Amino acid sequence: MNHKTTVLLADDETLMRAGVRAILGAAPDIEVVAEAADGRETVDQALRHRPDVCLLDIRMPRLDGLGAAAELARVLPATAVVMLTTFSEDEYIAGALASGAAGFLLKSGDPRELIAGVRAVAEGGACLSPSVARRVISHLGGGQLGRGVAARARVAELTGREREVLGLVGAGLSNAEIAQRLFLVEGTVKAYVSAILARLGFKNRVQAAILAHEAGLVPAS
C-alpha cells in the first residue's frame, strides 16, 4: 500500500513542467521521478527510471510526443503513456491512440482530472478528457472502428464474459474496479483484458473502449 506511482514528465516548457509537477506533488501516492524537455530525452530518461506513467506533451523538439509514445510502447510496454497537451485536434487524438497512448488529457483541464488520470492508467485503465472522449466516440470511433452493426459483429467473436468485461472497460473502470463489480480476482480480469485486446487486434484500452461504446456494451450506470 506504500507504493507510489512514479511519473516521468516531458514538456519543452520549463514553467509548464513546474506547474504539472506541483499539481502531482499534491497527491501523496504520486511521485515525479524524472523530467525531459524533448522526445529523445524522454525515451532515455524512461529507460533509466522505468516510471509507471509517462506524461508527454505532443509538440516537442528532436522527437515529438507521438514519436516518443510509439518508441516507449516498443521498449517499455509496461509503462503507461498519457498525452498532456493544449491541442485537441482530431489528428492529434488519432495519432495518440495509434501510438499506443493510454490517455489524452488537455492542459486546460481540472488538476483533479490529471491526478485521476495518472492513477487510472497506472492501474491498467484509460483516461480521456471529457471533451476529447465525446469526440473520440462520436467521430473517431465511427471513422476508424466502425459503428453499430459492424461493431456488434466484431465483438460477437468474444465470449459472454469477455463482452461483459469489455463493456466495463468502456465505462472507464480499472482492472481492480472490474474485479470488484464482477466478483473476480484482479489477475483474472487482467487476463481477460489482455485476451480481448489480442483477439481484437488493439494496442490499448482506449481503442477497446471506443468499440465497446459503438457496440452498445457499456452499462448505463
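Accessible areas are obtained here by the Shrake-Rupley method with a 1.4 Å probe. The structure treated in these exercises is a predicted model.

**Exercise 1. Overall description**

State the accessible surface of the chain, the share of its residues that count as buried, and its secondary structure.

*Solution.*
1. The accessible surface of the chain comes to about 10,300 Å², and carbon and sulfur atoms contribute 53% of that area.
2. Of the 221 residues, 47% count as buried.
3. The secondary structure consists of 11 helices and six strands.
4. Among contacts in the chain with a separation of 6 or more, 65% are between residues 24 or more positions apart.

**Exercise 2. The sheet**

Determine the strand order of the sheet, and identify which strands stand at its edges.

*Solution.*
1. The open sheet is formed by six strands in the order β2-β1-β3-β4-β5-β6, with parallel pairing.
2. β2 (30-36) and β6 (127-128) each have a single partner strand and stand at the edges, so one side of each lacks a neighbour in the sheet.
3. Helix α1 (residues 14-25) packs on the sheet, where it touches β1 (5-10), β2, β3 (53-56) and β4. The direction of α1 makes about 165 degrees with that of β2.

**Exercise 3. Pairing and cover of β3**

Describe how β3 pairs with β1 and with β4, and decide whether its faces are covered or open.

*Solution.*
1. Four bridges link β1 and β3 in the parallel sense. In this pair, L8 stands opposite C54 of β3.
2. β3 and β4 also run parallel and are joined by four bridges. Here L55 stands opposite V82 of β4.
3. Both faces of β3 are covered: V53 and L55 are buried on one side, C54 and L56 on the other.
4. Moving on to the next pair, β4 (residues 80-85) and β5 (residues 103-106) are parallel over four bridges, and L84 stands opposite L105 in β5.

**Exercise 4. The surroundings of T79**

Where is T79 found, is T79 buried or exposed, and which residues does T79 contact beyond its neighbours within four places in sequence?

*Solution.*
1. T79 is found in the loop between α3 and β4.
2. The cut-off for a buried residue is under 20% relative accessible area. At 10% relative accessibility, T79 therefore counts as buried.
3. Leaving aside neighbours within four places in sequence, T79 is in contact with P51, D52, V53 and C54.
4. The side chain of T79 reaches the backbone oxygen of P51 at 2.8 Å.
5. A46 is 33 residues from T79 in sequence, while the C-alpha atoms of the two are 8.6 Å apart.

**Exercise 5. Helices α3 and α11**

Identify which residues are buried in α3 and in α11, and what lies at the start of each helix.

*Solution.*
1. In α3 (residues 65-75), the buried residues are G65, L66, A68, A69 and L72. Viewed down the axis of α3, these buried residues fall within an arc of 160 degrees, so they line one face of the helix.
2. D64 caps the N-terminal end of α3, with a side-chain oxygen 3.2 Å from the backbone nitrogen of L66.
3. α11 (residues 205-214) is mostly covered, as nine of its 10 residues are buried. The buried residues of α11 are R205, V206, Q207, A208, A209, I210, L211, A212 and E214.
4. At the start of α11, a side-chain oxygen of N204 comes to within 3.0 Å of the backbone nitrogen of V206.
5. Just after α11, G216 takes a positive phi of about 70 degrees.

How values were computed
Residues numbered from 1 in each chain as written. Predicted model: local features only at pLDDT ≥ 70, side-chain atom pairs only at ≥ 80, totals over all residues. Heavy atoms only, no water. Buried < 20%, exposed > 50% of the residue type's maximum accessible area, 1.4 Å probe, protein only. Helix = DSSP H or I, 4+ residues; strand = E, 2+ residues; numbered from the N terminus. Arc of directions from axis to C-beta. Polar contact = N/O pair within 3.5 Å; in protein donor to acceptor, adjacent residues only side chain to side chain. Pairing = 2+ DSSP bridges. Contact = heavy atoms within 4.5 Å. Axes fitted to C-alpha atoms, helices over the stretch in contact; angles between N-to-C directions.
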